[in-house]
Amino acid sequence: MSDGKLGDQAFRNQSLHGRWPEMTYGGALSFLRRRYSRDLDGVDVAVTGIPYDGAVTFRPGARLGPRAIRAASVQLAELKAFPFGFDPFETLAVVDYGDCFIDPHHPETVVEAIAAHIDGIVAAGAIPLTLGGDHFATYPVLRVIARHHGPVALLHFDAHCDTWSDDGNRFDHGSMFLRAKNEGLIDVGRSCQVGIRTHNDSDHGFAVLTAPWVHAQGIDKTLAAIKARIGAGKVYVTFDIDCLDPAYAPGTGTPVPGGLTSACALELVRGLVGLDLVGADVMEVSPPFDVAEITALSAATIAHDLLCLMAMAKGAVPATPG
Ligand code: MN
Ligand code: MN
């Protein structure tokens, strides 16, 4: 099985595909034990962290999110993916691209630093899968996505709509999607927000599937509504971990009771098969407020399952349980 290859794939594995045994409790950490690399030749997906939390409104700590999500991903790197029954890395070439370098002492440089970092991924033809970091970081990512793909649909999982108005200059993790709409970065008519349980006087043209609506309608109707809204065009998936109930994601900056269970959220993510994903992120994990890695484990699993969807788009076929 191992061919003598044991451990530390993060820097020893020269192949973009396959994997070998690791100690879950040891070894060099990377997301799902993928190799760290800035070489994107032949790479389908680049996983990268954005360790930034300068735009939060309540608790800080999301700058520590990427590190925690990588650490929580170790168990997912052991077995074939559940419930898919395949190893996504047989099909999909994935590297850990490391973290975007942020200079917190020059906050005016942050938006451009994130945009330049993500542009290096998208321009190379790879899909960015970003680990946050507070949710504001999705705004410069969307600027890059729009530059390369045009306005895409935004599928947005969150307790918060993040479309409250601002002056166009704020560093605010609660207003950037209205700004993205106003700047033409997203196709609002195909965009959808899921799990919302905060008030905004306007939906600003987004389809809003509130958390109570999802709970009342169930998984299948929610997925049908999402897919009907988004259609066949390109879509960016942004998952604010506070979409989950604080029971399932205590480690986040602005928790709101009444959210989705991790089971519900995973079923929704796994049901997105067939969408044309051009990028995705999992944001707002704040490890100082986490308990027993609950939040980081959920975030790692969501990111892992998004990778499995990308693997299926490239031809991976789920196994039939035998
Ligand atoms: Mn939120
Ligand atoms: Mn958010």
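Helices (H or I, at least four residues) and strands (E, at least two) are DSSP runs, numbered from the N terminus, while axes are lines fitted to C-alpha atoms, for helices over the stretch in contact, with angles running from 0 to 180 degrees between N-to-C directions. This is a predicted model, in which local features need pLDDT of at least 70 and side-chain atom pairs count only at pLDDT 80 or more, whereas totals for chains, interfaces and linings use all residues. Residues are numbered from 1 along each chain as its sequence is written, chains are lettered from A and ligands numbered from 1 in the order in which they are written, and side-chain values use heavy atoms, with hydrogens and water left out.

Begin by selecting helix 2 (residues 65-72) together with helix 10 (residues 294-313), whose axes come within 8 Å and cross at roughly 75°. That crossing makes helix 2 roughly perpendicular to helix 10 (the term covers 65 to 115 degrees). Now show the side chains that make the contact (heavy atoms within 4.5 Å): A68, I69 and A72 on helix 2, and A296, L297, A299 and A300 on helix 10.

Move next to the manganese ion (ligand 1), which is coordinated by D158 (OD), H160 (ND1), D240 (OD), D242 (OD) and D242 (OD), at 2.1 to 2.4 Å. Donors here are N, O and S atoms within 2.8 Å of the metal (3.2 Å for Na, K and Ca), and water is not among the atoms, so sites may look incomplete. Of these residues, H160 is buried, with a relative accessible area of 11%, where buried means under 20% relative accessible area, exposed over 50% and partly exposed in between (1.4 Å probe, protein chains only).

Then select the manganese ion (ligand 2), whose protein donors are H135 (ND1), D158 (OD), D162 (OD) and D240 (OD), lying 2.1 to 2.2 Å from the metal. D158 bridges this ion and the manganese ion (ligand 1), the two lying 3.3 Å apart. Because D158 sits in the loop between strand 4 (153-157) and helix 6 (176-182) and D240 in strand 7 (residues 234-240), the pair ties together parts that are 82 residues apart in sequence. D158 is buried at 0% relative accessibility, and D240 is buried too, at 2%.

Finish with the cysteines, where a disulfide is a pair of sulfur atoms within 2.5 Å and the count comes to 0 disulfides. Select C243, whose sulfur is 7.9 Å from the closest cysteine sulfur, in C264, too far for a bond; C243 is buried, at 0% relative accessibility.

How values were computed:
Parallel < 35°, antiparallel > 145°, perpendicular 65-115°, else oblique.
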